[in-house]
Each structure stands twice: as C-alpha cells, then as structure tokens.
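Please open the model in your viewer and keep the selection tool at hand, since this tour goes from one selection to the next.

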Amino acid sequence: MQLSDKNSLKLRLLRITLLASAAAWGVCLIGIFLPWNTVLVVLQSFGAKVVPDDPMFNYWFRMSCGVSGGIGIFFFILAVNPVKYSNVISLAGWLMLLEGIVILASGTA
C-alpha cells in the first residue's frame with residue numbers, strides 16, 4: 001500500500017484503525033494505578049472466580065497492564081506518523097493477528 005499521499009482515504013482509515021488499537025491496548029494502563037481491592041472487584045465482574053489477595057497476582061497483573069499499555073503506546077506512535085513507520089505496520093498487524101489467535105484459543109479452551 002502506498003502511504004505517500006497524506007490526504008488519501010486509505011491513510012485516514014489506517015490512522016483510525018491504529019488509533020482504535022492504541023485505545024484498546026492503552027486502556028490497560030489504568031490497571032497499573034487501581035487499588036488492588038478495586039482490581040479484584042473488576043476481575044470478578046468480568047467473571048473471574050475468587051482471586052486470592054496474593055502479592056504475586058498483584059505483580060503479574062500490574063506487569064501485564066504495563067506491557068499491554070506499552071503496546072497501546074506503540075500503536076499510538078504508529079498512528080501519529082504512519083508514513084514514517086509504514087515498514088513496521090504490517091508486522092504489527094501480523095503480530096496482533098497472532099495474539100488474537102492465542103487469545104481465542106485460550107479463551108475457548
């Protein structure tokens with residue numbers, strides 16, 4: 001895909017898609033700052049069973065929120081200047097497809 005024309009419809013759609021991905025991944029950054037009791041309530045509202053108040057669970061939750069938020073920041077950077085990062089966008093798309101397959105497989109197991 002040619003990304004040289006900054007006013008093209010394809011470029012605008014790409015930017016919207018990248019921003020949507022950035023928002024979807026970036027919302028995880030909130031989890032870093034939530035109190036642990038609130039995290040437990042949120043997890044249980046999503047269908048989790050009773051989660052023990054364990055420092056290791058707390059650590060892994062915050063770490064996964066940080067990594068997911070970092071992916072959101074990465075997609076935001078791609079959305080700001082997709083022409084400059086056009087060589088990385090297709091790789092990011094394939095990685096997200098792979099991640100979707102992993103999530104689908106683990107969610108249906």
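The tour begins with one helix and then turns to a pocket.

Before selecting anything, bear in mind that this is a predicted model.

Start by selecting residues 9-26, which form helix 1. At 1.5 Å a residue, these 18 residues should span 26 Å, and the end C-alpha atoms of helix 1 lie 25 Å apart, which agrees with that expectation.

Within helix 1, now highlight Leu11, Leu14, Leu18, Ala22, Trp25 and Gly26, which are buried. If you turn the view to look down the axis of helix 1, its buried residues fall within an arc of 95°, so they line one face of the helix. On the face turned away from that buried side, select Leu9, Ile16 and Ala24, which are exposed. To find what covers the buried residues of helix 1, bring up helix 4 and helix 5 (86-108), which are included in that cover.

Next, move to the largest pocket, which holds about 250 Å³ of space. The largest pocket is lined by 13 residues, and those closest to its centre, the ones to select now, are Cys28, Gly31, Phe46, Phe61 and Cys65.

Which helices each supply at least two residues of this lining? Select helix 2 (30-33), helix 3 (36-45) and helix 4 (55-80), for these are the helices that do so. Helix 4 gives the most to the lining, with four residues.

Finally, colour the lining of the largest pocket by residue class, where you should find ten nonpolar residues, three polar residues and no charged ones.

Terms used. Residues numbered from 1 in each chain as written. Predicted model: local features only at pLDDT ≥ 70, side-chain atom pairs only at ≥ 80, totals over all residues. Heavy atoms only, no water. 1 Å grid on protein atoms, 1.4 Å probe; cavity = no way out; pocket = protein on both sides within 12 Å on 5 of 7 lines; lining within 4 Å. Points joined across faces, edges and corners; volume = space filled by probe spheres on them. Nonpolar A, V, L, I, M, F, W, Y, C, P; charged D, E, K, R; others polar. Expected span 1.5 Å × (residues − 1). Buried < 20%, exposed > 50% of the residue type's maximum accessible area, 1.4 Å probe, protein only. Arc of directions from axis to C-beta. Contact = heavy atoms within 4.5 Å.
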